[in-house]
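Please read the following walk through one protein model with the coordinates open beside the text. The paragraphs go from a strand pairing to individual residues and their surroundings.

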Amino acid sequence: MKRKLCLAAVLLALTLMFFGCGSKPGPSQDTLPLPQTTTEPATEPASTTTTEPAEPPRGEITSETITDTIMQGEHELISISLQTPRIQFLDSANTYYQDWANDMRYYISLEEDTARDSYDTMKSTGGVFVPYSYEAVFTVTRDDELVSIMRELTTYTGGMHPGNEILSETFVRESGALLILDDVFTVPREEYYPVLKQLVLAIIDERHPNDKNELFYANFEDDLMVVFEPDDFYFTDAGLVIYWQEYAIGPYVSGAHEFELKYADLSGIINPIWVK
């Protein structure tokens, strides 16, 4: 009898030990998943990869101006003010404009002797010498995957009036390449030139219904694309601008001629990657 009681006591003790010890891991098992459910920062890499820009960082566009005055004794001979863009992260463009400014300074130095001769002539004949001048300014006309710059160069080297010239450049941000007009279109020049001509003539008819004969040469329609310079274009948010310098298709009084061709009107021939 005692043996049976002892055996029962042993079994009861073992049973209590089993349930007592087995119940302790319960809370720790419940808490194991908690660290996994609270690891929300694991989603951050996904958000950063989807928000990376598809284009290079868009740097700030500032200006740099070279100014100088060349004197003849106490009298101003030549005034110089050449403003050029400085585009952050676009070294190819900055080099291009720096080279242009250096070339202009060299050209002006060649004109210095002519200006001095003109000054001496005016002084000896009792005339009034008007200083020579060179002034350049620029406008950013588009700034996204393309950086398009329109520049205006005004020069006076004697005569009745100053000369005005439009200059323009379009750079591809990603590569830094200077875009040429043939790159703008998906068809060859012999196919897109007629389209440009048709659109320009339509704009002229709309702008000048009554004074076209005074502002344009008699044969300008035939020569329109013959005298067109393929470097003479720039982009805006609304379209592609092509232009003709003063005297190209009309007299000085009519000035330069600029025509903005809407992107929709160029559909089918313009490369869609350049369309805003």
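What follows takes up a hairpin and then three residues with their contacts.

The model is predicted, and every value quoted here should be read with that in mind. A convenient place to begin is the pairing of strand S1, residues 61–72, with strand S2, residues 75–87, which run antiparallel to each other over 12 bridges. Within this pairing, Ile-70 has Ile-78 in S2 as its bridge partner. The hairpin that S1 and S2 form has 2 residues between the strands, and Gly-73 adopts a positive phi near 65° in that hairpin.

The next stop is Ser-148, which belongs to strand S4, spanning residues 146–156. Is this residue buried or exposed? Ser-148 counts as buried because its relative accessibility is 0%, where the cut-off for that class is under 20%. Leaving out residues up to four places away in sequence, the residues that Ser-148 touches are Thr-139, Val-140, Thr-141, Arg-142, Glu-169, Thr-170, Tyr-234 and Phe-235. With Phe-235 there is a specific approach to inspect, since the side chain of Ser-148 reaches the backbone nitrogen of that residue at 2.9 Å. A further distance can be checked between the C-alpha atoms of Ser-148 and Leu-178, which are 30 residues apart along the chain and separated by 9.8 Å.

Phe-235 also leads on to Thr-236, which sits in the loop between strand S6 (233–235) and strand S7 (239–244). Although Thr-236 lies in a loop, its relative accessibility is 13%, and it therefore counts as buried. Which residues surround Thr-236, once neighbours within four places in sequence are set aside? They are Thr-141, Arg-142, Val-241, Glu-260 and Tyr-263. Thr-141 and Arg-142 appear among the contacts of Ser-148 as well as among those of Thr-236. With Glu-260, the contact of Thr-236 includes a polar one, made between the two side chains at 2.6 Å.

The last residue is Val-172, located in strand S5, which covers residues 163–172. Val-172 counts as buried because its relative accessibility is 12%. Apart from residues up to four places away in sequence, Val-172 touches Leu-90, Glu-145, Leu-146, Ala-177, Leu-179 and Trp-274. Leu-146, one of these contacts, falls within the range of strand S4, residues 146–156. The C-alpha atoms of Val-172 and Asp-143, 29 residues apart along the chain, are separated by 10.0 Å.

Definitions and conventions
Residues numbered from 1 in each chain as written. Predicted model: local features only at pLDDT ≥ 70, side-chain atom pairs only at ≥ 80, totals over all residues. Heavy atoms only, no water. Helix = DSSP H or I, 4+ residues; strand = E, 2+ residues; numbered from the N terminus. Buried < 20%, exposed > 50% of the residue type's maximum accessible area, 1.4 Å probe, protein only. Contact = heavy atoms within 4.5 Å. Polar contact = N/O pair within 3.5 Å; in protein donor to acceptor, adjacent residues only side chain to side chain. Pairing = 2+ DSSP bridges.
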